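Visitor: Hi, could you walk me through this one? I'm new to reading structures.
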Amino acid sequence: MPKRTVFFVSDQTGVTAETMGHSLLTQFEGLTFRAVTLPFVATREKAIEARARIDATAEAEGELPIVFSTLIKDDLRDEVKGARATFLDFFDAFLGPLEDALGVKSSHAAGRAHGMADPESYTARINATNFALANDDGAQTREYAQADLILVGVSRSGKTPTCLYMALQYGIYAANYPLTEDDLEAGKLPASLVRYQAKLYGLTILPDRLQQIRNERRPNSRYASPQQVAFEVRAAEALFERLGIPFIDTTSCSVEEIGSRIMHATGIERRLRP
């Protein structure tokens with residue numbers, strides 16, 4: 001089946017259009033899409049260029065592209081909306097009803113969603129990200145007292161990306177610690193984690209998936225062998241259950257879902273506004 005081209009058009013980074021558009025597209029199984037992001041369409045000239053590119057795609061492919069837009073200015077939106085495409089603009093769809101409900105007109109100011117309108121929130125995001133990087137993979141443990149959360153699990157179970165996502169999305173101070181073969185054979189927490197057991201949250205993963213991930217990193221190694229992987233996963237889960245450490249299976253979860261589930265389960269309060 002040929003790919004259908006999808007454009008994400010924005011007067012800023014395009015992150016909002018991409019996130020919301022991709023969420024909608026996941027509901028259509030069996031279809032394939034070619035994603036094209038057109039960011040910073042903030043002038044009439046850029047809008048005309050975007051329209052021309054969309055029209056050229058429609059001509060070349062013989063199918064109307066799908067356009068997800070977050071263009072806040074009416075004139076730019078109207079220009080791109082005239083392209084040969086199925087045009088879906090999130091601001092156009094929702095701002096009108098919100099204005100009616102709130103009884104006031106929106107500012108139509110570009111860049112509010114991802115700008116620095118809230119310097120305090122931005123600083124909190126940067127501080128949390130720096131904390132996650134400094135306390136990644138058990139590199140140091142002296143700052144664990146400041147951590148909101150410490151993720152534990154075997155190597156390549158998703159600890160680092162989850163910590164970074166939670167820092168960026170929620171402003172959470174998340175550290176992570178890899179459980180080594182020695183830790184698992186001993187069947188107890190490393191000494192550096194014992195006093196912080198209440199902050200621990202475990203990540204696990206199906207052995208077949210973990211073997212695949214490790215084999216991409218170190219092909220044909222003991223580290224990626226079925227026996228080693230199966231032992232580590234089994235021992236880590238047994239440790240979690242014995243000590244009452246909550247844990248989540250990351251096999252089929254996106255990093256966004258992992259982070260959201262952990263936040264819901266722990267009740268940790270986010271530092272960043274939604």
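Guide: Sure, here is a tour of the sheets, the helices on them, a cavity and a few single residues.
Guide: This is a predicted model, so local features need pLDDT of at least 70 and side-chain atom pairs count only at pLDDT 80 or more, while totals for chains, interfaces and linings use all residues. Residues are numbered from 1 along each chain as its sequence is written, and side-chain values use heavy atoms, with hydrogens and water left out.

Visitor: OK. In what order do β1, β2, β3 and β4 sit in their sheet?
Guide: The order is β2-β1-β3-β4, in an open sheet with parallel pairing. Strands here are DSSP runs of E with at least two residues, and helices are runs of H or I with at least four, numbered from the N terminus. Two strands pair if DSSP finds at least two bridges between them.

Visitor: Which strands are at the edges?
Guide: β2 (33-38) and β4 (86-89), each of which pairs on one side only. Neighbouring strands in this sheet are turned by 20 degrees against each other on average, ignoring direction. For angles, axes are lines fitted to C-alpha atoms, for helices over the stretch in contact, and the values run from 0 to 180 degrees between N-to-C directions.

Visitor: How many bridges join β1 and β2?
Guide: Six, in the parallel sense. Phe7 stands opposite Val36 in β2. On the other pairing you might look at, β3 (residues 66-70) and β4 run parallel and are joined by four bridges, with Leu88 in β4 as the bridge partner of Phe68.

Visitor: What holds strands together in general?
Guide: Strands of a sheet pair through backbone hydrogen bonds, either parallel or antiparallel.

Visitor: Is β1 mostly covered or mostly open?
Guide: Mostly covered: six of its seven residues are buried. Buried means under 20% relative accessible area, exposed means over 50%, and partly exposed is in between (1.4 Å probe, protein chains only).

Visitor: Which strands does helix α1 lie across?
Guide: Helix α1 (residues 15-25) lies across β1 (4-10), β2 and β3, running at about 150 degrees to β1. Helix α2 packs on the sheet too, touching β1, β2 and β3, and its direction makes about 175 degrees with that of β1.

Visitor: Let's zoom in on Thr57. Where is it?
Guide: Thr57 is in helix α2 (residues 44-61). With a relative accessible area of 9%, Thr57 is buried. Setting aside neighbours within four places in sequence, Thr57 is in contact (heavy atoms within 4.5 Å) with Thr5, Phe7, Arg34, Gly62 and Pro65.

Visitor: New topic: what's the order of the sheet with β5 in it?
Guide: That open sheet of four strands goes β6-β5-β7-β8, with parallel pairing. β6 (174-178) and β8 (247-249) stand at the edges with a single partner strand each, so one side of each has no neighbour in the sheet. Here the average turn between neighbouring strands is 25 degrees, direction ignored.

Visitor: And which helices pack on it?
Guide: α10 does, touching β5 (149-153), β7 and β8, with its direction at about 150 degrees to that of β7. Helix α11 (residues 255-266) also packs there, touching β5, β7 and β8, at about 145 degrees to β7.

Visitor: How many cavities of 30 Å³ or more are there?
Guide: One. A cavity is a set of points on a 1 Å grid over the protein atoms alone where a 1.4 Å probe fits but cannot get out, and lining residues have an atom within 4 Å of a point. The largest cavity has a volume of about 30 Å³, a volume being the space filled by probe spheres set on the points, which are joined across faces, edges and corners.

Visitor: What lines the largest cavity?
Guide: Val154, Leu203, Thr204, Ile205, Val233, Ala236 and Phe240. The largest share, three residues, comes from α10.

Visitor: Last one: where does Asp137 sit, and what's its phi?
Guide: Asp137 lies in the loop between α5 and β5, and has a positive phi of about 60 degrees although it is not a glycine. Asp137 is partly exposed, at 45% relative accessibility.

Key: On a 1 Å grid over the protein atoms alone, a cavity is a set of points where a 1.4 Å probe fits but cannot get out, and a pocket is an open set with protein on both sides within 12 Å along at least five of seven lines; lining residues have an atom within 4 Å of a point.
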